[in-house]
Structures are given as structure tokens and as C-alpha cells.
Amino acid sequence: MLFRSAAIDLAPRHVVTHESWTLGLAESLKHGLRSLPADADAALVMLVDQPAITDDDLHNLAVAWLVDPTKPAAAEYAGDIGAPCILPRPLFGAAMQLTGDRGAKALLRAVDGLTRVPMDSAAYDVDTPDDLARLARTLTRSEEHTSELQSRFGISYAVFCLKKK
């Protein structure tokens, strides 16, 4: 996926494998945050079971966050907020206190001044093979895209380092 924002550096860094993913979303998120370089301004947090999210969605999220990079930015869909989201470094400490199968949503809900970015595509959640088949029928994408969805199925979290240029 290409990321169009000239204001955000998403150059490839390194892949970190989290062997203890069964401990829940919070542990996966914390593992990702711990793997970021010390000079990361923020983390772009994505759930890879939301395959309908596009580079335009991520671009809009990043642009919205850059208006006030001291505040997190989150996707708003289906009447709620959630991933993908951008957590600025000052929130990493609070994120490190999360436990179990809870991701950053509770943290985001507690932030005063959260930047909300409408993102209907984030509502497509793929947790089962039936969900994947339903999504493949819903999206008007190529067979190559469907194959990409299948190869990505089963991964829980992706955390990217964001640095303001």
C-alpha cells in the first residue's frame, strides 16, 4: 500500500513478530509500541482484519492528526471510534497500562479533543472465513485483492512509526 502524505515518513523499518499474541490485543499493541524508535512522534495503529481501509483513508487520518499532533486521531465508523488511529508519544505510557483483549479504544474515548476522521471502510471487520467471503462479495475488487485479503487473514495488529518531517 502506498502512503501519499508528504508530511509523514512511513519508510520501511523492520518487522517485529509477537509470539505471545494470544495474551490479547493490549499485549500486541504494547509489543508494537516498545519496538518503535525513541524518536517516534506517534504510532499509526492498524488492525489488519480491516482490509477495506485504503491509502486515502490513512492519508486523511494523517492529515487530520497533523492539524494538532498533540492529540490522537481515530477513525469514526458505525457510530463509534477505533482503529486505525494515531497515538502521539505522550499517550504511549497510558497505552502500556492496557491489559487483556482491550486495544486503544478505551484510551481514545477518554481523550479530550480527540480528532475524529469519518471512515466507513473501517467498519469491515474480518474475523472468520465467512466474514472474508462476505467482504470479497461486497467489495468490487479484483481476484488479486481477494487473494491479498486471504494472505493477510489472521494477523492482529500493525504499528507504524510516525515522524513529522
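## A loop residue with positive phi

A78 sits in the loop that runs between strand 2 and strand 3. The model is a predicted one, and in it the phi angle of A78 is near 50°, a positive value in a residue that is not glycine. A78 is exposed, since its relative accessible area of 71% is over the 50% cut-off.

## Overall make-up

The chain contains six helices and five strands. Their order along the sequence is α-β-α-β-β-α-α-β-α-α-β. Of the 165 residues, 42% count as buried.

Among contacts between residues at least 6 apart in sequence, 76% join residues at least 24 apart. The exposed area of the chain is about 9000 Å², and 52% of it is supplied by carbon and sulfur atoms.

## Salt bridge within helix 1

Side chains of opposite charge can pair when their charged atoms come close. The chain has four salt bridges by the rule used here. One of them joins K30 to E27, with 2.9 Å between the closest N and O atoms. Both residues belong to helix 1 (residues 25-34), where they are three residues apart, or about one turn of the helix.

Is K30 buried or exposed? K30 counts as buried, because its relative accessibility of 9% is under the 20% cut-off.

## Salt bridge between strands 2 and 4

R116 forms a salt bridge with E76, and the closest N and O atoms are 3.1 Å apart. R116 is in strand 4 (residues 115-118) and E76 is in strand 2 (residues 73-77), so the pair ties together parts that are 40 residues apart in sequence.

Both partners fall in the partly exposed class: R116 has a relative accessible area of 45%, and E76 has one of 29%.

## Strand 3 and helix 4

Which residue meets the side chain of D80 in a salt bridge? The partner is R109, at 2.7 Å from N to O. This pair links distant parts of the chain, with D80 in strand 3 (residues 80-88) and R109 in helix 4 (residues 105-110), 29 residues apart. D80 is partly exposed, with a relative accessible area of 23%, whereas R109 is exposed at 52%. D80, K105 and R109 are joined into one network by salt bridges that share partners.

Strand 3 also holds P84. The peptide bond leading from A83 to P84 is cis, with omega near 0°.

## D57 in helix 2

D57 is located in helix 2 (residues 55-67). Its relative accessibility is 14%, so D57 counts as buried, the cut-off being under 20%.

What does the side chain of D57 meet by way of polar atoms? A polar atom of this side chain lies 2.9 Å from the backbone nitrogen of T54. The side chain of D57 also makes a polar contact of 2.5 Å with the side chain of S121. Leaving aside residues up to four places away in sequence, D57 touches A52, M119 and S121. S121 therefore appears both as a polar partner of D57 and among the residues that D57 touches.

Notes. Residues numbered from 1 in each chain as written. Predicted model: local features only at pLDDT ≥ 70, side-chain atom pairs only at ≥ 80, totals over all residues. Heavy atoms only, no water. Helix = DSSP H or I, 4+ residues; strand = E, 2+ residues; numbered from the N terminus. Buried < 20%, exposed > 50% of the residue type's maximum accessible area, 1.4 Å probe, protein only. Polar contact = N/O pair within 3.5 Å; in protein donor to acceptor, adjacent residues only side chain to side chain. Contact = heavy atoms within 4.5 Å. Areas by Shrake-Rupley, 256 points an atom, 1.4 Å probe, with all protein chains shown as cover.
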